[in-house]
Amino acid sequence: MARSFAQLARTAEQGHRSVHVPKEPLDQPPLTIHRLGAKELRTAARRISKVDEAVRDLARSMLLSMYAARGIGLAAPQVGVPKQLLVIDLDIEEAATPPMVFINPEITATGAALTTYEEGCLSIPKVYLDVVRPAEVELSYRDEQGRPRRLKADGLLARCIQHEMDHLNGVLFVDHVTDALSLNEELQQHGFERDHVQSIR
Ligand code: K1U
Ligand code: ZN
């Protein structure tokens with residue numbers, strides 16, 4: 001059945017408001033991802049008061065930069081923007097899977113069970129180390145259209161959300177690492193300074 005003008009207009013508006021971008025990695029992404037040692041990574045992010053086209057544009061640029069770096073998540077402070085915005089896509093090889101955009105996320109509950117996972121970070125390339133975190137989280141946030149949302153997450157999504165939310169507070173995954181020997185070895189091997197870690201132990 002043919003769609004009405006109102007339906008077409010609504011579809012166009014939703015398309016305009018969405019943050020879908022091609023997932024093919026660009027050679028020259030729009031944003032530079034800061035690395036361990038940069039002050040931008042230690043700056044707490046501020047809440048976003050209005051979700052508008054500028055916020056959606058930033059999310060699009062972050063996604064293009066994330067896909068270029070072959071990451072599954074990116075937080076605005078990593079690209080030097082101290083705002084509470086993060087993007088996640090656990091299915092970077094599948095064009096049909098839409099990315100997730102989280103604005104002003106807040107963790108409202110964490111499960112009692114803890115899990116260990118070898119994390120990586122686009123700001124600390126090639127360094128992979130075990131981090132212990134809650135296996136499940138519940139959060140509230142706004143989506144790319146400014147709508148309030150709630151989500152219960154587990155598995156890799158819960159892991160990625162917690163990692164990215166740490167970025168909003170100036171915390172990096174290496175700050176959580178308890179195996180000091182592995183931490184020192186990995187950082188040295190990949191040219192990062194131990195002094196740039198702010199251990200939370
Ligand atoms: O925040 C970031 O720097 C992105 C980071 C997210 C993340 C990965 C693993 C555990 C927690 C958080 C990355 O994407 S690092 C790259 C990476 O580990 C990876 C890339 C593709 C598929 C699977 C993992
Ligand atoms: Zn990271």
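Colleague: Let's start at the surface: is K126 buried or exposed?

Modeller: Keep in mind as we go that this is a predicted model. K126 lies in the loop between strand 4 and strand 5. Its phi is near 75°, a positive value in a residue other than glycine. With a relative accessible area of 63%, which is over the 50% cut-off, K126 is exposed.

Colleague: Which residue in strand 3 has a positive phi although it is not a glycine?

Modeller: Strand 3 spans residues 100-110. The residue in question is buried, with a relative accessible area of 7%. Its phi is about 50°, and the residue is N104.

Colleague: And S140, is that one buried or exposed?

Modeller: S140 sits in strand 6, residues 137-142. Leaving out residues up to four places away in sequence, S140 touches N104, P105, E106, T108, R149 and R150. Its relative accessible area is 17%, and buried means under 20%, so S140 is buried.

Colleague: How many disulfides does the structure hold?

Modeller: Take C160, where the closest cysteine sulfur is in C121. The two sulfurs are 10 Å apart, and a disulfide needs them within 2.5 Å, so that pair is too far for a bond. For the structure as a whole, the number of disulfides is zero.

Colleague: Are C121 and C160 buried or exposed?

Modeller: C160 has a relative accessible area of 5%. For C121 the value is 8%. Buried means under 20%, so C121 and C160 are both buried.

Colleague: Where is C121 found, and which residues is it in contact with beyond its neighbours within four places in sequence?

Modeller: C121 is found in the loop between strand 4 and strand 5, the latter being residues 129-134. C121 also has L172 at 8.4 Å, C-alpha to C-alpha, although the two are 51 residues apart in sequence. Once those neighbours within four places are set aside, the contacts of C121 are Q78, V127, H163, H167 and F173.

Colleague: Which residues lie nearest the centre of the largest pocket?

Modeller: The largest pocket holds about 470 Å³ of space. Its lining is made up of 24 residues. C121 turns up again here, as the ones nearest the centre are I72, G120, C121, L122 and Y128.

Colleague: Which element gives the most to the lining of the largest pocket?

Modeller: Two elements each supply at least two residues of that lining: strand 4, residues 114-119, and helix 3, residues 155-168. The one that gives the most supplies five residues, and that is helix 3.

Colleague: How many nonpolar, polar and charged residues are in that lining?

Modeller: The lining of the largest pocket mixes three classes of residue. Sorted that way, the lining has twelve nonpolar, five polar and seven charged residues.

Colleague: What about the largest nonpolar core: which residues touch the most other members?

Modeller: As background, nonpolar side chains tend to be buried together in soluble globular proteins. The largest nonpolar core here has 20 residues, and those touching the most other members are M62, L85 and V87.

Colleague: Which element gives the largest share of this core?

Modeller: In the largest nonpolar core of 20 residues, the elements that give two or more are helix 2 (53-68), strand 2 (85-88) and strand 3 (100-110). The largest share is seven residues, and it comes from helix 2.

Colleague: Which residues does L85 touch, not counting residues up to four places away in sequence?

Modeller: L85 is one of the core residues that touch the most other members. Counted that way, L85 touches I48, V55, L58, A59, M62, L74, A75, A76, V101, F102, I103 and L168.

Colleague: F102 is on that list, so what is its relative accessible area?

Modeller: F102 has its place in strand 3. Among the residues it touches are L86, I88, L139, Y141 and I161. F102 is 44 residues from G146 in sequence, with 9.7 Å between their C-alphas. F102 is buried, and its relative accessible area is 1%.

Colleague: Last one: is T178 buried or exposed?

Modeller: T178 is found in the loop between helix 3 and helix 4, the latter being residues 180-189. From T178 to R159 is 19 residues in sequence and 17 Å in space, C-alpha to C-alpha. At 59% relative accessibility, T178 counts as exposed.

Conventions: Residues numbered from 1 in each chain as written. Chains lettered and ligands numbered in written order. Predicted model: local features only at pLDDT ≥ 70, side-chain atom pairs only at ≥ 80, totals over all residues. Heavy atoms only, no water. Buried < 20%, exposed > 50% of the residue type's maximum accessible area, 1.4 Å probe, protein only. 1 Å grid on protein atoms, 1.4 Å probe; cavity = no way out; pocket = protein on both sides within 12 Å on 5 of 7 lines; lining within 4 Å. Points joined across faces, edges and corners; volume = space filled by probe spheres on them. Nonpolar A, V, L, I, M, F, W, Y, C, P; charged D, E, K, R; others polar. Core = buried A, V, L, I, M, F, W, Y, C linked by side-chain atoms within 4.5 Å. Contact = heavy atoms within 4.5 Å.
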